[in-house]
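Student: I'd like a close look at one part of this model, with the side-chain contacts spelled out. Could you walk me through it in one go?

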Amino acid sequence: MSVKVRIEPSGHEFDTAPGETLLEAAVREGFHLPYSCRNGACGTCKGRVLSGTVTHQPYEAKALSEAEKASGLALFCRAVPEGPVVIEAREIGVAKDIIIKTLPCRVARMEKLAPDVMRLFLKLPQNERLQYLAGQYIDILLKDGRRRGFSIANSPAADEFLELHIRHVPGGLFSGHVFNTMQERALLRFEGPLGTFFLRNDSDKPVILMAAGTGFAPIKAIVEQSIAEGGKRPLHLYWGARTRADLYLHDLALGWAAEHAHIRYTPVLSRPGSGDAWEGRTGYVQEAVAADWPELSGFEVYGSGPPRMIEAAKGVLASRGLPADAFFYDAFEYARDPVPSP
């Protein structure tokens with residue numbers, strides 16, 4: 001039997017099917033709650049259960065502590081209601097008209113941007129276009145039923161192709177295929193757009209964009225959309241990587257800053273190699289942001305990268321006065337199954 005769910009403070013209601021998570025049902029019914037990874041790793045979808053009971057599918061313990069669970073918090077991407085529930089969640093209205101589709105596509109072009117980063121350009125069927133917000137992602141649907149999520153790296157203003165940046169993960173099922181056997185003109189299927197990571201345009205606050213590794217992909221889309229729209233809102237991009245080679249589109253970012261007065265760019269390397277001849281910033285990207293901006297109460301920060309970077313950034317940015325509701329993030333793991341919760 002289906003279970004009734006009510007969202008507060010909006011009062012919106014929807015039904016969940018047996019075994020369906022709160023997030024799965026909400027997305028299916030067109031209610032846009034904050035989320036990112038959908039596998040219990042990042043904590044973006046965390047919200048409060050005001051009444052009723054939920055059980056959790058396996059998730060990573062760092063995403064929801066026992067103390068948080070005891071206080072009534074839940075991971076909506078892993079929480080299955082046992083009966084009628086009332087949840088407290090912030091709905092995102094700007095995404096309400098975005099339709100999630102399942103579509104075929106063809107690999108039009110492949111370009112190696114770094115030894116372990118491949119850029120794919122995906123061509124949709126004739127007369128098809130994917131409506132999405134800069135910063136969202138798609139799930140590549142594999143034949144065995146598994147999914148691999150990748151951010152769309154181009155802005156909706158230039159959507160002839162969908163651009164993905166794929167890092168080669170040792171032992172990775174899909175990334176190994178991309179780097180070792182995939183050829184141009186290969187056929188794929190995907191679902192999207194997904195996620196709630198996009199620039200909030202109801203504010204004129206200056207923006208800090210913080211990327212780590214291939215977390216640059218959705219940030220690239222956001223910057224390019226700002227340029228396409230003639231935006232003047234200040235954007236300061238920090239891109240953290242290990243070595244110089246990992247800044248795989250460094251010249252592109254330099255060009256943005258040189259050509260547009262509202263854009264600044266600061267690259268940061270955590271492990272510059274002896275051959276890099278690096279004279280720029282070193283350390284971790286969130287530490288560079290904190291060092292440059294001792295007071296962030298009047299800013300919005302958008303971060304994209306692995307959960308460990310996002311978690312570290314939360315504390316560092318809060319210490320600089322950034323309100324919790326002014327930090328928007330896309331946290332992702334590289335094709336890792338969630339660790340069962342204690």
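Student: Let's zoom in on helix α4: about how many helical turns separate Lys 220 and Glu 224?

Tutor: About one helical turn, because Lys 220 and Glu 224 are four residues apart in helix α4. Before going on, a word on the ground rules: this is a predicted model, where local features need pLDDT of at least 70 and side-chain atom pairs count only at pLDDT 80 or more, while totals for chains, interfaces and linings use all residues. Residues are numbered from 1 along each chain as its sequence is written, and side-chain values use heavy atoms, with hydrogens and water left out.

Back to the helix. Lys 220 and Glu 224 form a salt bridge (a side-chain nitrogen of Lys or Arg within 4 Å of a carboxyl oxygen of Asp or Glu), with their closest N and O atoms 3.0 Å apart. Lys 220 also has a salt bridge to Glu 163, at 3.1 Å from N to O. That second pair links distant parts of the chain, since Lys 220 belongs to helix α4 (residues 216-228) and Glu 163 to strand β12 (residues 162-167), 57 residues apart. Helices (H or I, at least four residues) and strands (E, at least two) are DSSP runs here, numbered from the N terminus.

As for exposure, Lys 220 has a relative accessible area of 3% and is buried; Glu 163 is buried too. The cut-offs are under 20% relative accessible area for buried, over 50% for exposed, and partly exposed in between, with a 1.4 Å probe and protein chains only.

Now the aromatic side of the same helix. Phe 216 lies in helix α4 and Trp 239 in strand β15 (residues 235-241), so their ring pair ties together parts that are 23 residues apart in sequence. Both Phe 216 and Trp 239 are buried. What else joins in? Phe 216, Trp 239, Tyr 248 and Trp 256 make up one aromatic cluster. For pairing, rings of Phe, Tyr and Trp (its six-membered ring) need centres within 6.5 Å; planes under 30 degrees apart are stacked, over 60 edge-to-face, and the rest tilted. The whole structure has eleven aromatic pairs. One of them is Phe 197 with Tyr 302, whose centres are 6.2 Å apart with planes at 65 degrees, so that pair is edge-to-face. Phe 197 and Tyr 302 are both buried.

For context on the charges, the salt-bridge count comes to 23.
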